[in-house]
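Subject: Structure for your review

Dear colleague,

Please find below the structure that I am handing over to you. My findings follow it, and I would be grateful if you could read them alongside the coordinates.

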Protein chains: 2
Amino acid sequence: MTMQPSELLAALRFRYATKAFDAARKIPAEIWDAFEQSLVLTPSSFGLQPWKFLVIDHPEIREKLKAASWGQGQVTDASHLVVLTARTDLAQADIDSWIARLSEVQGTPAEALAGLSGMISSFSSAMTPAEKQAWNTRQVYIALGQLMTSAAVLGIDSCPLEGISPADYDTILGLPGTGYATAVACALGYRSAEDKYAVAPKARFEAEKVIARI
Amino acid sequence: MTMQPSELLAALRFRYATKAFDAARKIPAEIWDAFEQSLVLTPSSFGLQPWKFLVIDHPEIREKLKAASWGQGQVTDASHLVVLTARTDLAQADIDSWIARLSEVQGTPAEALAGLSGMISSFSSAMTPAEKQAWNTRQVYIALGQLMTSAAVLGIDSCPLEGISPADYDTILGLPGTGYATAVACALGYRSAEDKYAVAPKARFEAEKVIARI
């Protein structure tokens with residue numbers, strides 16, 4: 001069953017950057033599982049999936065991350081917290097790993113994927129290390145978008161967290177040296193009845209300011 | 001009406017990077033309107049919406065863009081083509097414009113928003129011009145994610161287009177000097193019955209490779 005356009009828009013209007021979560025309410029496991037699958041299914045350029053998503057259950061780690069997030073309560077109070085990390089490199093091994101997986105899932109001989117592999121290698125080799133990480137990080141933001149939209153259509157609240165210290169997150173999560181670095185985080189759960197932001201009128205620029213037909 | 005988790009996952013599995021669109025099928029106006037509203041409603045950091053979305057109707061411009069897209073047929077054949085552009089700057093005028101809009105929509109005196117305004121200014125002034133554009137571009141990728149997920153839940157096909165020449169797109173669309181630059185594009189419409197990619201098994205890394213619980 002797909003959604004009607006009016007249902008989608010109602011879901012997107014329901015969504016807001018939740019500031020206060022109900023710390024007592026947890027997303028049921030079967031719904032959370034759909035979020036993990038939504039993350040896995042996120043599209044990425046060339047299909048490379050240059051990311052790792054860390055779901056932080058541990059209360060003490062959540063407390064440490066909160067301190068690296070200007071004390072934002074969502075980090076500890078939300079039912080679930082996802083730290084979206086980007087691969088710091090785009091190496092031949094990453095490409096080979098993806099080609100091998102594609103070959104396995106689609107039953108295509110790796111030789112038949114040599115053209116694709118070569119194209120990705122050319123693309124990658126034209127980038128500096130900083131450009132590679134920046135490119136990977138942009139892909140991670142597709143995942144952030146898909147995650148928040150998925151939450152909205154399921155009627156679950158979310159809050160993107162950019163106001164964090166990625167370097168401190170990396171240290172807390174033991175990421176240095178792993179080839180992954182924190183890009184952004186997202187808290188998910190249920191809004192608190194006390195969150196005044198839930199009832200604030202949704203503010204966006206007028207459509208005419210951000211959309212043009214050519 | 002929200003979706004059931006199984007319905008969301010079915011929609012996300014229905015989605016694939018459509019290579020061949022049915023050039024004869026157009027997205028009805030009332031559905032397209034929902035896509036534009038979905039773009040408008042995309043969340044962004046601080047709410048700044050550092051973007052402009054160009055919907056390209058003009059067939060000749062589509063042909064020119066196709067030539068700047070390695071000849072990819074989606075650019076001309078899809079019902080709709082959106083070029084997602086990022087603001088190239090994050091200037092005080094951008095911040096003031098947003099604060100004014102927020103004040104207007106929420107009925108909050110601008111003075112009451114001075115704290116937010118100052119926080120955004122501090123954030124912005126710590127970035128180089130290149131960092132500002134990169135930050136804006138990441139926000140645009142949230143919009144790309146929301147757009148593709150919105151399409152999936154409405155049962156509409158889409159194809160993200162990163163394999164384009166942003167500089168050529170900018171020239172064709174007259175963007176230089178406007179303060180916006182092409183980030184990425186997305187074609188939307190209906191898959192062709194001949195698109196062999198529609199039936200290829202969906203390939204992703206195993207969940208254990210991209211998701212960790214901590």
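In this predicted model, five strands form an open sheet with mixed pairing, in the order S3(A)-S4(A)-S2(A)-S1(A)-S5(B). The edges are held by strand S3 (157–161) of chain A and strand S5 (211–213) of chain B; each has a single partner strand, so one side of each is left without a neighbour in the sheet. From one strand to the next, the twist averages 25 degrees.

Within this sheet, strand S2 (residues 80–87) of chain A pairs with strand S4 (residues 180–189) of chain A in the antiparallel sense, over eight bridges. As a point of reference in the register, Leu81(A) has Ala187(A) as its bridge partner in S4(A). Helix H7 (residues 129–154) of chain A lies across four strands of that chain, namely S1 (51–55), S2, S3 and S4. Relative to S2(A), helix H7 of chain A runs at about 155 degrees.

Strand pairing also links the two chains. Strand S5 (residues 211–213) of chain A pairs with S1(B) in the parallel sense, over three bridges. Here Arg213(A) stands opposite Val55(B) in S1(B).

Turning to the contact between the chains, 66 residues of chain A and 66 residues of chain B take part. On the side of chain B that touches chain A, the elements that each supply at least two residues are helix H1 (5–14), helix H2 (29–40), strand S1 (51–55), helix H5 (92–106), helix H7 (129–154), helix H9 (207–210) and S5 of chain B. Which of these gives the largest share? That is H7(B), with 14 residues. By class, this side of chain B comprises 41 nonpolar, 14 polar and eleven charged residues.

As to symmetry, chain B is superposed on chain A by a rotation of 180 degrees with 0.0 Å of shift along its axis, at an RMSD of 0.0 Å. This is the relation of a two-fold axis. Both copies use the same surface, as 100% of the contact residues of chain B recur in chain A. Among the residues of chain B, Gly145(B) comes closest to the rotation axis, its C-alpha lying at 2.2 Å.

For your own inspection, I would suggest beginning with the pairing of S5 of chain A and S1(B), and then turning to H7(B), the source of the largest share of the side of chain B that touches chain A.

With kind regards

Key. Residues are numbered from 1 along each chain as its sequence is written. Chains are lettered from A and ligands numbered from 1 in the order in which they are written. This is a predicted model: local features need pLDDT of at least 70, side-chain atom pairs count only at pLDDT 80 or more; totals for chains, interfaces and linings use all residues. Two strands pair if DSSP finds at least two bridges between them. Axes are lines fitted to C-alpha atoms, for helices over the stretch in contact, and angles run from 0 to 180 degrees between N-to-C directions. Two residues are in contact if their C-beta atoms, placed from the backbone, lie within 7 Å. Ala, Val, Leu, Ile, Met, Phe, Trp, Tyr, Cys and Pro count as nonpolar, Asp, Glu, Lys and Arg as charged, and the others, Gly among them, as polar. Copies are superposed by least squares on the C-alpha atoms of residues with pLDDT of at least 70 in both.
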